[in-house]
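Reader: Could you take me through one part of this structure up close? I'd like to see how two helices pack together.

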Amino acid sequence: MALNPTDLFDIRSLLSEEEQMIQDSVARFTDEKVLPIIGDCFDQGRFPKELLPEIASLGLLGSSLPEEYGCAGLNAVSYGLICQELERGDSGIRSFVSVQSSLCMYPIYAYGSEEQRREWLPRMATGEVIGCFGLTEPHGGSDPANMKTHAKRDGGDWVINGAKMWITNGNLAQIAIVWAQTEDGIQGFIVPTDTPGFTAQEVHRKMSLRASVTSGLFFDNVRIPDANRLPNVRGLKGPLGCLTQARYGITWGPIGAAQACLTEATEYAKTRVLFNRPIAATQAVQIKLADMARRITLAQLLSLQLGRLKDAGNLKPTQVSLAKWNNVRMALDIAREARDILGGSGITTEYCPIRHALNLESVITYEGTETVHQLVVGRELTGINAF
């Protein structure tokens with residue numbers, strides 16, 4: 001039998017039956033519902049909200065959280081496969097699920113009270129309540145300790161002032177998980193977006209993640225009760241723990257984008273005839289396609305092992321940094337190379353490589369820039385912090 005061009009090492013055979021079923025169901029959703037509309041959504045700068053009911057019904061929101069809160073209770077590898085298949089459609093769709101699951105539902109589960117879990121998680125799993133995650137600020141995101149947003153006690157309430165920037169889902173959300181400086185260090189708060197003094201302004205004129213909602217959040221004496229504070233964490237450990245969860249999914253997502261680009265570039269190369277033969281018959285193109293397959297295979301093995309480590313409870317943040325750095329760089333390089341193979345056709349959203357390339361320019365920056373992850377690995381190797 002011929003090998004699968006996007007899975008040359010038959011990594012699928014290493015998956016359990018349940019993991020394969022989950023991958024197949026999300027792949028069908030992507031093929032049938034995402035791919036037919038996503039090029040137009042990207043062109044229009046529109047997030048396809050009409051897909052949210054099915055995303056929720058498939059159990060993709062908070063998929064790794066326990067069933068007692070209305071979630072699917074899946075393992076880490078299954079969550080990774082969900083991210084891979086969604087990003088094969090578009091980074092914006094995967095970003096929505098990542099933010100809802102890893103950056104909003106996870107902190108409520110990990111750091112919230114039981115009352116907060118019962119109040120929010122079931123409704124977030126069904127998509128009734130959408131969340132956003134407020135950490136990055138307008139002056140920069142790579143140094144979260146230099147946070148300007150602050151929350152001050154006022155009796156039984158907290159009053160929040162400040163701003164956050166580059167916030168996925170900001171103008172969709174009913175709640176924001178907001179991190180702010182307090183007298184007791186950085187703390188997290190659940191802020192309903194209809195609270196007086198809260199405003200969200202959508203970012204326009206984007207050339208990346210156009211099928212995603214990106215916003216600035218502004219807090220002008222936003223008053224919330226102490227019951228909305230996440231009680232079980234203090235300091236940067238809270239938001240960084242959320243980011244580790246989200247980055248793990250991001251190591252899988254770009255594999256899907258790269259697979260989509262390889263598939264399209266291969267099919268195009270077989271039908272594009274120059275000098276009386278398809279360009280797929282040239283050594284130059286075959287070498288490019290072979291290198292794409294090599295890099296995808298390495299990324300697949302990296303993320304699968306990362307997922308097995310996570311499921312075993314042995315995951316280390318440095319391992320996530322290495323995989324995020326490698327896999328997003330891999331996908332971005334492949335998207336650009338695939339665009340080149342498509343020639344002039346490659347600059348239109350009729351084909352996927354330029355869309356994936358533009359999206360991946362954001363993915364390589366958010367959740368820790370490539371340089372930050374390189375320095376995390378360097379610190380692990382040397383014991384010296386070079387930040």
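Author: Here's a walk through one helix pair, with a word on the region around it. This is a predicted model, where local features need pLDDT of at least 70 and side-chain atom pairs count only at pLDDT 80 or more, while totals for chains, interfaces and linings use all residues. Residues are numbered from 1 along each chain as its sequence is written, and side-chain values use heavy atoms, with hydrogens and water left out.

Our pair is α4 (residues 91–111) and α6 (residues 237–271), whose axes come within 9 Å and cross at roughly 145°. Helices here are DSSP runs of H or I, at least four residues, and strands are E runs of at least two, numbered from the N terminus. The axes are lines fitted to C-alpha atoms over the stretch in contact, with angles from 0 to 180 degrees between N-to-C directions. The α4 and α6 crossing is right-handed, meaning the near helix is turned clockwise from the far one by less than a right angle.

So who touches whom, counting heavy atoms within 4.5 Å? On the α4 side you'll find Arg94, Ser102, Leu103, Tyr106, Pro107 and Tyr111, and among their α6 partners are Lys237, Cys242, Leu243 and Ile250. The contact residues split into eight nonpolar, five polar and two charged. Nonpolar covers Ala, Val, Leu, Ile, Met, Phe, Trp, Tyr, Cys and Pro, charged covers Asp, Glu, Lys and Arg, and the others, Gly among them, are polar.

Zooming out, an unreviewed UniProt entry annotates residues 235–381 as "domain: Acyl-CoA dehydrogenase/oxidase C-terminal"; such annotations may be inferred rather than shown by experiment. That stretch, residues 235–381, is 76% helix and 3% strand, with its end C-alpha atoms 25 Å apart.

Methods. Contact means heavy atoms within 4.5 Å.
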